[in-house]
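Student: I've got a new structure to go through. Can you walk me through it?
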Amino acid sequence: MPTPRRAPSGAAVLRPELTEAVVEAVLSELAEVGHGRLSMQRVAARAGVGKSALYRRWAGKDEMVMDVVGRFGVPAEPPPDTGSLCGDLRALVVGMRDWLDHPRLSAIVPDLLAESRRSPGLAEAFRERLSGPRRDRSREVLARAVARGEITAEQADGVEAELVVDLLGSVPFWRVAVHGGPIDDQGATALAELVARGMTAPR
């Protein structure tokens, strides 16, 4: 009779209730003191866990931060298919707007971007966990527009496409980080229409 398999001792797993406590602690610390002053010790104390529990799960602070923030970063489901390029672009803008409008992420994301300029490791993690997947969603929307015949394949895979992807993310971010408030529904529609009109205009 085979011996029942036992979960390995010291596995890099936190119990669900502890995981949620750590997530809340990381978000609160980032929002209150920023990435520069955040430490594994402060997070452990705030979450009520031992520091060793964090190190069993994450190699260091940057990995922990990006794992936690990444949970709120990019939806698992595909971007909405509204049936038109303009509608899909608007859905992307609104999704970005709503993400940045999160009560704590609106303070955390600009801080992480500033810190990533001083930390190549954090910059790479930011691209891998947040900006990269969001850019992929935008490219998926452009690929749909090619399939519908709204734009050409060249437009969806070149310099123009990269500029479109930048616009969809940078305008909502600029509104939050500089003007202190999210882009409204009217602004989201206007941005989507502007970009769609530029891509679909006769050449």
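Student: Which ring does the charged end of Arg134 sit over?

Tutor: The ring of Trp99. This is a predicted model. In it, the charged end of Arg134 is 4.7 Å from the centre of that ring.

Student: And how many aromatic pairs does the count come to?

Tutor: Zero.

Student: OK, salt bridges. How many does the structure hold?

Tutor: The structure holds 20 salt bridges. One of them joins the side chains of Asp81 and Arg148, at 2.8 Å from N to O. Asp81 sits in the loop between helix 4 (61-70) and helix 5, and Arg148 is in helix 7, so this pair ties together parts that are 67 residues apart in sequence.

Student: Is Asp81 buried or exposed?

Tutor: Asp81 counts as exposed, because its relative accessibility is 54% and the cut-off for exposed is over 50%. Arg148 is partly exposed, with a relative accessible area of 30%.

Student: Which other residue does Arg148 meet in a salt bridge?

Tutor: Glu150. Their side chains meet at 2.9 Å, N to O. Glu150 is partly exposed too, with a relative accessible area of 28%.

Student: Which residues do the shared partners join into one network?

Tutor: Asp81, Asp88, Glu140, Arg144, Arg148 and Glu150. Salt bridges that share partners link them.

Student: What about Arg135, which residue does its side chain meet in a salt bridge?

Tutor: Glu162, at 2.7 Å from N to O. Arg135 belongs to helix 7 and Glu162 to helix 8, so the bridge ties together parts that are 27 residues apart in sequence.

Student: How accessible are Arg135 and Glu162?

Tutor: Both are partly exposed. Arg135 has 23% relative accessibility. For Glu162 the relative accessible area is 31%.

Student: Switching to pockets. How much space lies in the largest pocket?

Tutor: About 480 Å³. Arg135 turns up again here. The lining has 21 residues, and those nearest the centre of the pocket are Met96, Ser131, Arg135, Gly169 and Ser170.

Student: Which helices supply at least two residues of that lining?

Tutor: Four helices: helix 5 (85-100), helix 6 (105-116), helix 7 (120-148) and helix 8 (159-177).

Student: Where does the largest share of the lining come from?

Tutor: From helix 7, with nine residues.

Student: And what's the lining made of, by class?

Tutor: Eleven residues are nonpolar, five are polar and five are charged.

Student: Let me zoom out. How many helices and strands does the protein chain have?

Tutor: Nine helices and zero strands. Read from the N terminus, every element is α, in the order α-α-α-α-α-α-α-α-α.

Student: What size of box do the C-alpha atoms fill?

Tutor: Roughly 65 × 55 × 30 Å, taken along the principal axes.

Student: How much of the chain counts as buried?

Tutor: Of its 203 residues, 39%. Helix 4 is one place to look. There, eight of the ten residues are buried, so helix 4 is largely enclosed by the rest of the structure.

Student: Which residues in helix 4 are buried?

Tutor: Lys61, Met64, Val65, Met66, Asp67, Val68, Val69 and Gly70. Each of these is under 20% relative accessible area, so each counts as buried.

Student: Now the loop that follows. Where does Gly83 lie?

Tutor: In the loop between helix 4 and helix 5. That is also the loop that holds Asp81. Gly83 is partly exposed, with a relative accessible area of 47%.

Student: How far apart are Gly83 and Ala44 in space?

Tutor: They are 47 Å apart, C-alpha to C-alpha. In sequence the two are 39 residues apart.

Student: Back to helix 7. Is Ala147 buried or exposed?

Tutor: Ala147 lies in helix 7. It is exposed, with a relative accessible area of 70%.

Student: What separates the C-alpha atoms of Ala147 and Ala59?

Tutor: A distance of 43 Å. Along the chain, Ala147 and Ala59 are 88 residues apart.

Student: Quick recap on helix 7?

Tutor: Helix 7 gives the largest share of the pocket lining, nine residues. Arg148 of helix 7 pairs with Asp81 of the loop between helix 4 and helix 5. Arg135 of helix 7 pairs with Glu162 of helix 8.

Notes:
Residues are numbered from 1 along each chain as its sequence is written. This is a predicted model: local features need pLDDT of at least 70, side-chain atom pairs count only at pLDDT 80 or more; totals for chains, interfaces and linings use all residues. Side-chain values use heavy atoms; hydrogens and water are left out. On a 1 Å grid over the protein atoms alone, a cavity is a set of points where a 1.4 Å probe fits but cannot get out, and a pocket is an open set with protein on both sides within 12 Å along at least five of seven lines; lining residues have an atom within 4 Å of a point. Grid points are joined across faces, edges and corners, and a volume is the space filled by probe spheres set on the points. Ala, Val, Leu, Ile, Met, Phe, Trp, Tyr, Cys and Pro count as nonpolar, Asp, Glu, Lys and Arg as charged, and the others, Gly among them, as polar. Rings of Phe, Tyr and Trp (its six-membered ring) pair if their centres lie within 6.5 Å; planes under 30 degrees apart count as stacked, over 60 as edge-to-face and the rest as tilted. A charge sits over a ring if NZ of Lys or CZ of Arg is within 6 Å of the ring centre and within 35 degrees of the ring normal. A salt bridge is a side-chain nitrogen of Lys or Arg within 4 Å of a carboxyl oxygen of Asp or Glu. Buried means under 20% relative accessible area, exposed over 50%, partly exposed in between (1.4 Å probe, protein chains only).
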